[in-house]
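Q: Could you take me through one part of this model up close, and then follow the contacts outward from there? I'd like the small enclosed space and the sheets, residue by residue where you can.

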Amino acid sequence: MNSLPIGVRLTAWYFVVLGVTLSLFGLIAYFAMRTSIHETVDEELRARTEGVRRLIQRTAKYGTEDLQRELRQHSELAEGALLQVSNEKGNWVYRSPTIGSYDISRSQETSNTPSTFEFNEVPVRLLSTKIQAEGQSYLVQVAAPLDDFYSALRHFGTLLLVSIPILLLCATAGGYWMSRRALAPVDQITQTARNISVQNLSSRLVVPKTRDELQRLSETLNSMLERLEAAFKKITQFTADASHELRTPVALMRTRAELSLRKPRSAEEYRDALAEVHSELEKTSSLVEKLMVLARADYGAETLQLATTDLAEVVREACGQGAALAESKQIEFHNQIPQQSVWIEADPHALGRLFLILIDNAVKYTPPGGRVEVAVAGENGCALGVVRDTGIGIAEEDLPHIFERFYRADKARSRESGGVGLGLSIGRWIAEAHAGTIEVQSSLGHGSVFQVRLPLANGDG
Ligand SMILES: Nc1ncnc2c1ncn2[C@@H]1O[C@H](COP(=O)(O)OP(=O)(O)O)[C@@H](O)[C@H]1O
Ligand SMILES: [Mg+2]
């Protein structure tokens, strides 16, 4: 059943529910009609018995003959009524003309409610009553044949038996047609969705303006396609940028090697060439490593090894490397790292990398004679790491983009200093993976401040 199309399943359910409802309706109508026939007939029988009782009690004292005459007159008034009266000895006092053909026995039990019997294969409703008058007891039996009523009832039954299946079939066919109509747009959506692939990720489903589930479904699918397209564009861009970045050092190394191999050279010259190739190779392998980190982060494979970590300790270590960098560039390097620990849940390796990226940038984008400051603090329930420099600063229009992959404010200068524009995107990923934030304030020509906020470890303030 579950493998059938929804339209068929809906119709099947509809068929079953409607079938049960109609059958119940038929049964109830049939039996209600039967009961109502009995009630009407019974009322009539009681009324007639009552009439006869009054007649007997009025006339019995004048003798049997008078009684018989009165009964005859009474029964002729109600034409076709079936009445028989017998006395205690079992002799007939009166029998209406047609009752003989039913052969109703005199030994029927008396009761207040009529019952149905078969006499000569005809269903008859019979009320037998004992009536006392003048010290005598009479058995009064009034009856009504039910055959006419029953044949009407049978007709009604047949009508139900024929019409219910026909109704059911018509309604089911209508239901199926309606469900097909209602579900037709789903087929259309399926058709279109099936044709969407990487090549035409920009195509969208037609949205039916029906303000119903189907409209919502196609709108939801379309917004999903939009997100997929954006993500796909990002990946394609990333691949293109990455290959572009890799091409430059590879071309450099190739040219250098080809030049050296063109004719025999001295050992000195070979060493120079190799040193140059080696330096390019180092840049390239650092680039490849950054690409790996980002690719693994995108894929969700780059996971953090969280441990309770002292931020002050991590930053102090990064400053060790930063100070050496700064010194080689004649840049003043200061750190204001407190003696006491600032505990956070973090991956110390990744966190160290984040601060190294910031310190490296600060030194890289600060001219000789400038100043770089690194500070750590725990404030307002979060740990704060700050890297401040008095360098070239970042232009307002570049600020929103510096965390993007491969984005460099000054392409030439950055490349020269070995940057490809991946540092801050890795940094932001690390901060966010720690449920933290990274913010920048900068003014062109005056310097920049990078602030990293991370949640403190539980209960530690
Ligand atoms: N401290 C800073 N001072 C000035 N500019 C900066 C600083 N940090 C980052 N930038 C700008 O942001 C860009 C992106 O930084 P990053 O992602 O680390 O790439 P890069 O490899 O160029 O260092 C840099 O190219 C630079 O233009
Ligand atoms: Mg950098």
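A: Here is a walk from the cavity to one sheet and then to the other.

Keep in mind that this is a predicted model. Two cavities of 30 Å³ or more turn up in the structure, and the one to look at here is the second largest, with a volume of about 50 Å³. Its lining consists of Arg-48, Val-52, His-74, Ser-75, Ala-78, Ala-81 and Leu-83. The elements that supply two or more residues to that lining are α1 (6-59) and α2 (64-77). Sorted by class, the lining has four nonpolar residues, two polar ones and one charged.

Ser-75 is a good residue to zoom in on. It sits in helix α2 and counts as buried, because its relative accessibility is 6%, and the cut-off for buried is under 20%. Leaving out residues up to four places away in sequence, Ser-75 touches Leu-83, Tyr-94 and Ser-96. Leu-83 also appears in the cavity lining.

Now for the sheet next to these helices. Five strands make up an open sheet, ordered β2-β1-β5-β4-β3, with antiparallel pairing. At the edges are β2 (92-95) and β3 (115-119); each has a single partner strand, so one side of each is left without a neighbour in the sheet. Ignoring direction, neighbouring strands here are turned by 25 degrees against each other on average. α1 packs on this sheet, where it touches β1 (82-87), β3, β4 and β5 (136-145), and its direction makes about 30 degrees with that of β4. As for α2, this helix lies across β1, β2 and β5 and runs at about 20 degrees to β2. At the β3 edge, five bridges connect β3 to β4 (residues 122-133), and the two run antiparallel. One of the pairs to pick out is Phe-117, whose bridge partner in β4 is Val-124.

On to the other sheet. This one is also open and built from five strands, in the order β7-β9-β10-β12-β11, but its pairing is mixed. The edge strands are β7 (332-336) and β11 (437-443), each pairing on one side only. From one strand to the next, the twist averages 10 degrees. At one edge, β7 pairs with β9 (residues 371-379) in the parallel sense over five bridges, and Glu-332 has Arg-371 in β9 as its bridge partner. Helix α7 (residues 348-364) lies across β7, β9, β10 (382-389), β11 and β12 (447-455), running at about 25 degrees to β10.

The β11 edge is worth a slower look. Side chains in a regular strand alternate between the two faces of the sheet. In β11, Ile-438, Val-440 and Ser-442 make up the covered face, while Thr-437, Glu-439, Gln-441 and Ser-443 make up the uncovered one. Seven bridges join β11 to β12, and these strands run antiparallel. Val-440, from the covered face, stands opposite Phe-450 in β12. The hairpin of these two strands has three residues between them, and Gly-445 there takes a positive phi near 85 degrees.

Definitions and conventions
Residues are numbered from 1 along each chain as its sequence is written. Chains are lettered from A and ligands numbered from 1 in the order in which they are written. This is a predicted model: local features need pLDDT of at least 70, side-chain atom pairs count only at pLDDT 80 or more; totals for chains, interfaces and linings use all residues. Side-chain values use heavy atoms; hydrogens and water are left out. On a 1 Å grid over the protein atoms alone, a cavity is a set of points where a 1.4 Å probe fits but cannot get out, and a pocket is an open set with protein on both sides within 12 Å along at least five of seven lines; lining residues have an atom within 4 Å of a point. Grid points are joined across faces, edges and corners, and a volume is the space filled by probe spheres set on the points. Helices (H or I, at least four residues) and strands (E, at least two) are DSSP runs, numbered from the N terminus. Ala, Val, Leu, Ile, Met, Phe, Trp, Tyr, Cys and Pro count as nonpolar, Asp, Glu, Lys and Arg as charged, and the others, Gly among them, as polar. Two strands pair if DSSP finds at least two bridges between them. Axes are lines fitted to C-alpha atoms, for helices over the stretch in contact, and angles run from 0 to 180 degrees between N-to-C directions. Contact means heavy atoms within 4.5 Å. Buried means under 20% relative accessible area, exposed over 50%, partly exposed in between (1.4 Å probe, protein chains only).
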